[in-house]
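Here are some worked exercises to try with the model open beside you. Work through each task on your own before reading its solution.

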Amino acid sequence: MSDTGRPRYLDSDTPRYHRKRPEFKRQKQFARRKCSWALCLPVSALLLVAAYLYLKGRPADVSHWGHTSTPNKNLTYWYKETNGRTMITPWTKDVDRDAPQPEYPRPQMQRPAWQNLNGQWEFDCTSLTGALPNLNETLKRKITVPFPVESYLSGIFQADDSTAHMWYRRTFTLPAEWSGSRVLLHFGAVDWQATVTVNGQQLGVHKGGYDKFSFDITKAVDGRPASHQHEIQVQVFDPTEFSHHPVGKQRIHPPRGPSGIFYTAASGIWQTVWLEPVPDAYVEGLDLVPNVDKGHLDILVRGNAAAKGLTVMVNASSAGRAVGSSMGVVGQGFTLSVPQAHLWSFDDPFLYDLDVVLLAKSTDPVQVSLGQAQSSRSSSTDKAAAMGTASQITESDLRGLESSTDTSGRRLLKEADPKSKKQKGSAGKVEADPARVSDSVFDNAIENQVDHVRAYFGMRKVSLGRVGNGNSLRPLLNDKFVFHMGMLDQGYWPDGIYTAPTDAALKYDIEASKQMGFNMLRKHIKVEPDRWYYWADRLGILVWQDMPSMFWEDHVLPKPSPQEKEQFELEFERMIHHHKSFPSIVMYVVFNEGWGQYETERITKRMQSLDPSRLFNAASGWVDAPVGDFIDMHKYVGPGAFNPTSTRASVLGEFGGLGLKVDGHQWIPKDSFSYEMQATASQLETRYSGLIAQISALMTSPDFSLCAAVYTELTDVEAEVNGMLTYDRQVMKMDVGVTSKVHADLLTLSRQINDGPVAVDQKQLRKAVTSMTAPNKGQKGYTAPPSEVAEQARRAQIPLNRVAVSLLQQPAAEVDVKSPVNQPTYQQPDTFDAATKAAGHRVADGIHTIWRVLGRSD
């Protein structure tokens with residue numbers, strides 16, 4: 001209290017009282033206004049400059065933007081001007097620019113008549129929004145469909161954001177024998193949004209760069225003579241990383257340039273375009289799901305509106321011999337008994353033929369003789385020749401993998417077989433296509449037949465079960481555990497980007513993987529054409545199918561909008577829906593390394609409900625979530641493993657990344673990189689064999705019970721040189737005898753786990769635990785191996801420090817294998833995110849400096 005008896009805070013001599021006096025208030029308000037104006041002008045100027053730099057060169061009609069990208073030099077700069085030539089594969093010369101990819105595009109559901117529309121189309125592109133060209137207007141350029149505009153094989157060879165909007169145009173005539181049929185126009189895939197017009201009639205808009213779609217063009221082509229030239233126009237919009245939609249590893253170059261772990265974009269039409277005549281009521285799709293425990297095949301025949309409620313009859317056969325028959329209704333599930341089924345596996349890829357016949361509405365199912373239907377089919381000889389799927393893989397299937405040796409000792413891959421000769425006619429039929437059934441299969445239609453398609457299926461079971469040391473959960477194939485030893489398969493080609501130059505090339509990647517002893521491929525955030533999965537089914541390879549990730553590096557709007565989430569989930573559902581019948585697919589990967597990851601538990605459970613016959617990996621690497629069938633670690637170089645949980649098995653979703661540069665076979669020699677560079681092929685073989693030995697120890701250890709490992713990667717991709725093969729598929733870097741031997745030993749050991757405990761190699765286990773606790777490349781404390789130090793020294797042209805090498809060669813301290821090295825909260829640092837945060841801190845420091853100059857301390 002003051003001497004006056006009043007509270008001191010009301011005394012006129014106290015600082016608080018002075019601050020409340022009116023004159024002080026006016027002074028304070030004036031000072032604030034002065035400071036606000038002094039702050040507003042420079043901050044506004046900075047914001048305007050930042051907005052200009054950010055918006056410069058961006059399309060005006062894109063709702064969500066990523067990092068800045070401006071038109072610049074295309075792939076010619078990145079490869080041709082760097083190397084003085086175009087990188088080609090053994091199949092580049094086999095591409096017929098007038099009729100590329102001539103093979104039947106849908107092996108899982110075939111009809112006798114079709115017409116291929118691949119070849120030369122008129123083309124134009126722009127980065128600005130525009131209207132469709134006028135009907136019959138000739139576009140300025142030519143493009144070879146189905147190759148992306150960025151690819152050499154397309155003839156456009158343009159890789160910048162000037163291709164955000166594209167227009168395609170071509171004409172066609174319909175065969176006279178199609179008169180009276182409905183006509184479907186099929187697209188294998190178009191990235192990303194396609195608006196399709198035929199004869200000036202807009203048929204619809206499709207969004208999604210990885211799924212097939214079709215339009216009924218009957219009304220657009222009716223009423224015109226048989227010789228009429230019909231016109232197709234396709235307007236495509238592909239924002240790539242300017243929108244949060246599934247893009248996988250596609251990025252527009254520049255700004256980052258084609259280096260790092262992201263690659264050239266693949267815009268526009270990149271899978272086969274074709275026509276097909278169908279009856280008024282027809283089969284639209286088949287879901288063929290094996291149920292080995294109950295000894296039958298679950299079947300769902302989907303039809304168009306006119307086919308709903310019609311009777312459908314199915315006949316299974318093997319090499320022409322009847323296996324079983326059944327009848328059902330379109331749109332309603334039913335079963336086909338397969339007694340004593342010959343089970344499909346990667347080492348015995350046995351497939352059955354399946355004829356699906358749609359019957360007229362007036363047909364009495366009881367009066368239909370299934371025996372008569374079977375006898376009206378082609379002979380057993382015709383059946384065996386038509387599909388060839390009921391027999392096991394033969395030596396001739398792998399004959400093309402024989403290698404020769406050049407003077408440097410590297411294994412060179414033989415060139416592909418010459419391209420198939422097309423038969424005369426407009427139906428697009430191809431000779432010597434093992435996936436294509438003979439026309440005789442469709443001869444002698446039974447009474448009241450409306451539609452007939454030929455398919456195939458494999459009987460196999462995929463599940464989780466407890467086996468081996470520690471009685472941990474492991475993935476089972478036909479109730480037996482076998483280790484999934486696979487590779488990361490990016491599906492990129494130097495000449496076709498997303499599109500393989502030929503079907504032989506598409507097949508070769510799977511053949512080469514099997515020759516090297518792998519039994520699994522992880523199709524990495526890309527979806528392939530149906531023929532790739534056909535070859536996986538027929539040749540025998542387990543497939544982990546990734547859902548392509550959304551663009552995730554948008555630091556202005558980092559989270560997808562509700563509409564973008566809806567689109568992502570829609571495309572995911574389509575992927576599952578379109579691939580239900582391929583027996584080679586045993587797992588779906590929902591998210592990869594946190595890229596675009598959101599609501600993991602909800603999405604994983606939703607997708608599991610769509611396909612309970614397969615396993616699901618909710619989060620491969622970095623950001624784990626307690627859902628799905630696996631707990632997945634990524635470790636470079638590795639290996640490593642989490643401890644399995646009570647509900648999830650432990651897998652190594654990515655590891656390795658060992659690099660070897662092969663002169664004359666690099667996309668960007670000056671920018672080539674890997675996670676650990678090796679100097680020679682023999683050094684690479686030794687290092688790789690050591691990693692597999694450590695994986696064997698992690699597999700047999702009860703603490704880790706590792707079930708699968710995915711090596712990075714099948715081929716070099718652009719700047720990455722850590723592939724088993726070079727990017728052009730010309731050189732196999734390691735001796736096939738070495739890789740097949742270490743993989744065979746690993747798989748043999750994994751099979752022994754089914755019979756009981758297996759001895760653990762403690763020495764290799766200690767090495768594995770040491771490597772998994774070591775920092776990753778780029779992290780603090782990372783120690784480069786001698787081979788990488790030598791490579792860095794060579795590139796810098798400086799003498800190697802022998803003292804440093806001797807220190808690096810000292811063995812690392814051993815770690816107790818029972819230490820808690822595996823935590824479900826493990827998250828690998830995101831180098832791009834770290835760089836963004838660092839840049840953000842620099843910007844924040846600059847703003848704080850301005851504020852301090854202006855006299856503001858807050």
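**Exercise 1.** Determine whether Glu511 is buried or exposed, and find its salt-bridge partner.

*Solution.* Step 1: Glu511 has a relative accessible area of 8%, so Glu511 is buried; buried means under 20% relative accessible area, exposed over 50%, and partly exposed in between (1.4 Å probe, protein chains only). Step 2: Glu511 forms a salt bridge with Lys507, with 3.7 Å between the closest N and O atoms. A salt bridge here is a side-chain nitrogen of Lys or Arg within 4 Å of a carboxyl oxygen of Asp or Glu. Step 3: both residues lie in helix H7 (residues 503–515), four residues apart, about one turn of the helix. Helices (H or I, at least four residues) and strands (E, at least two) are DSSP runs, numbered from the N terminus. Step 4: Lys507 is buried too, with a relative accessible area of 17%.

A word on the basis: this is a predicted model, in which local features need pLDDT of at least 70 and side-chain atom pairs count only at pLDDT 80 or more, while totals for chains, interfaces and linings use all residues. Residues are numbered from 1 along each chain as its sequence is written, and side-chain values use heavy atoms, with hydrogens and water left out.

**Exercise 2.** Find the salt-bridge partner of Arg522 and say where each residue of the pair lies.

*Solution.* Step 1: the partner is Glu654, and the closest N and O atoms are 3.5 Å apart. Step 2: this pair links distant parts of the chain, with Arg522 in strand E28 (residues 520–523) and Glu654 in strand E33 (residues 649–656), 132 residues apart. Step 3: Arg522 counts as buried because its relative accessibility is 0%, and Glu654 counts as buried at 4%.

**Exercise 3.** Describe the salt bridge between Lys461 and Asp293, including the burial of each residue.

*Solution.* Step 1: their side chains meet at 3.0 Å, N to O. Step 2: the two residues are 168 apart in the chain; Lys461 sits in the loop between strand E23 (449–457) and strand E24 (462–467), and Asp293 in the loop between strand E15 (283–291) and strand E16 (296–303). Step 3: Lys461 is buried, with a relative accessible area of 19%, whereas Asp293 is exposed at 56%. Step 4: for the wider picture, a search of the whole structure finds 34 salt bridges. Lys565, Glu569, Glu573, Glu599, Arg602 and Arg606 are linked in a network of salt bridges.

**Exercise 4.** Place strand E14 in its sheet and work out which strands stand at the edges.

*Solution.* Step 1: the open sheet has four strands in the order E1-E14-E5-E9, with antiparallel pairing. Two strands pair if DSSP finds at least two bridges between them. Step 2: E1 and strand E9 (213–216) stand at the edges, each with a single partner strand, so one side of each lacks a neighbour in the sheet. Step 3: E14 pairs with strand E1 (residues 115–116) over two bridges and with strand E5 (residues 182–187) over six bridges. Step 4: Trp274 in E14 stands opposite Asn116 and also opposite His186. Step 5: in a regular strand the side chains alternate between the two faces of the sheet. In E14, Val273, Leu275 and Pro277 on one side and Trp274, Glu276 and Val278 on the other are all buried.
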